[in-house]
Amino acid sequence: MNYSRFLSVVSAAREQNLLRLTSSVAQKNPSIIMISGGLPSPNYFPFKTASFTIEDGTTLEIGEALMKRALQYSDTQGIPELLSWLKDLQRTLHNPPTAKYSPDQGQMEICVTIGSQDALSKVFDMLVNPGDNVLSEDPSYSGALSALKPLGCNIIKVPSDKHGIIPKALEEILSRWRPEDAKKLNNNLPKFLYTIPNGSNPAGTSLTTERKEKIYQLARCYDFLIIEDDPYYFLQFEKTKAPTFLSMDVDGRVIRCDTFSKIISAGLRLGFLTGPKPLTDRIILHMQISTMHPSTFAQILVLELLRKWGKKGLLEHTDRLAEFYRTQRDAMLAAADKWLKGLADWYVPTAGLFLWIKIKGISDTCQMIMENALERGVSLVPGRSFSTDGSAPSSYVRASYSFASPDQMDQAFQALAEVIKEVV
């Protein structure tokens, strides 16, 4: 693939930071005398050791030597041991065809990020010039839209239903161009499609395997990238996980964002990006002059946990999480059936944390949610927050079953029902 045609002017102009490069090389070779980087002396870090109790009652110990490393600067891409663990995990879960490719063919590469939002922001910066066309499922994650809009691109919304993006609708949008135009410079074809394929935020929908295959073939035909933002991959309620775009990627056109926020800790701010090496390398160049690297301490802590668990232990942990959120979902659905039947419609989520509710008889829920519902002590998100046009009316609201107790969900939907009856 010709990856250069996807790069923004800003990303194409980025160059290697020699200070980061020389420090990284020196840190990896203990025989080198380090007088290049401005690393602070670890002997004066105030924290010496740490002990963490994990869910099974056992402990993780970070001794003095490991603590010195955890509190020091580290490689921009991520600490090598964690990168190796994550590459092995991606091969096990997704078996990406690109794992066996050469770098120039789009070989699978990974970098650790400060959560998925950090990865998305840098991906968009890498790809988008003002005036570019990009595709996004509708409705779409508000954080992605907030990152995209200031870049001056044209966000083309792709309709979705209870099974996610509708391939026929995507094909109709793409018919504005000719597939052969993809070989021309300045063709103005969409550069990428952004999607949350499992338990989408906000709609809670999941793409079927058949739809993913059709979407990937359209991506090949019209030569656009797929940004697979998949924070809820492990929170699918069916035991068999759906195949990912990464697992289908024979071209090296998928950029996948994963996160530890939903399965280990949101506050540690750790995620990881998987994509073709020529593009992942551009992300790393951006990180060199922005965040420098994700928290070394957070990486060490997660690595020690993953080593203790192994892949089997991680999957057992995420299975327990998925079961908990499935129970939470069922509690919210029960509350919705009890209080909102006849007042609203909704789909049953098959993954993730959200219920997308269409209120009957109301063209826009913004005032109702931001004023009336809050006055009754209920916090929801109005649907317009997830539209490419933030001012467009929406009859939807987003509710999350991740945090509230079943009793709180019941109380919240009782109050919401009362508000709807007052407003309609």
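**Figure 1. Packing of helix α7 against helix α8 in the predicted model.** Helices α7 and α8 are roughly parallel to each other, a description applied to angles under 35 degrees, whereas angles over 145 count as roughly antiparallel, 65 to 115 as roughly perpendicular and the rest as oblique. The angle between α7 (residues 167-174) and α8 (residues 209-222) is about 10°, and their axes lie 10 Å apart. Axes are lines fitted to C-alpha atoms, for helices over the stretch in contact, and angles run from 0 to 180 degrees between N-to-C directions. Helix α7 contributes P167, L170, E171 and L174 to the contact, and α8 contributes R211, K214, I215, L218 and Y222; contact means heavy atoms within 4.5 Å. These residues comprise six nonpolar, no polar and three charged (Ala, Val, Leu, Ile, Met, Phe, Trp, Tyr, Cys and Pro count as nonpolar, Asp, Glu, Lys and Arg as charged, and the others, Gly among them, as polar). Helices (H or I, at least four residues) and strands (E, at least two) are DSSP runs, numbered from the N terminus.

**Figure 2. Surroundings of I165 in strand β6.** Strand β6 spans residues 164-165 and includes I165. I165 is buried, its relative accessible area being 0% (buried means under 20%, exposed over 50%, partly exposed in between, with a 1.4 Å probe and protein chains only). Apart from neighbours within four places in sequence, the contacts of I165 include E137, V158, L193 and T195, as well as R211 and I215. R211 and I215 also belong to the α8 side of the contact with α7. The C-alpha atoms of I165 and P139 are 9.7 Å apart, with a sequence separation of 26 residues.

**Figure 3. Cysteine C153 and the search for disulfides.** Zero disulfides are found in the whole structure, a disulfide being a pair of cysteine sulfur atoms within 2.5 Å. The closest cysteine sulfur to that of C153 belongs to C257, at 16 Å, which is too far for a bond. C153 is buried at 11% relative accessible area, whereas C221 is partly exposed at 36%.

**Figure 4. Packing of helix α11 against helix α13.** The axes of α11 (residues 296-339) and α13 (residues 406-423) cross at roughly 30° and come within 9 Å. Helix α11 is thus roughly parallel to α13. The contact involves Q328, A331, M332, A335, A336, K338 and W339 of α11, together with P406, M409, D410, F413, Q414 and A417 of α13. Nine of these residues are nonpolar, two polar and two charged.

**Notes.** Residues are numbered from 1 along each chain as its sequence is written, and side-chain values use heavy atoms, with hydrogens and water left out. In this predicted model, local features need pLDDT of at least 70 and side-chain atom pairs count only at pLDDT 80 or more, while totals for chains, interfaces and linings use all residues.
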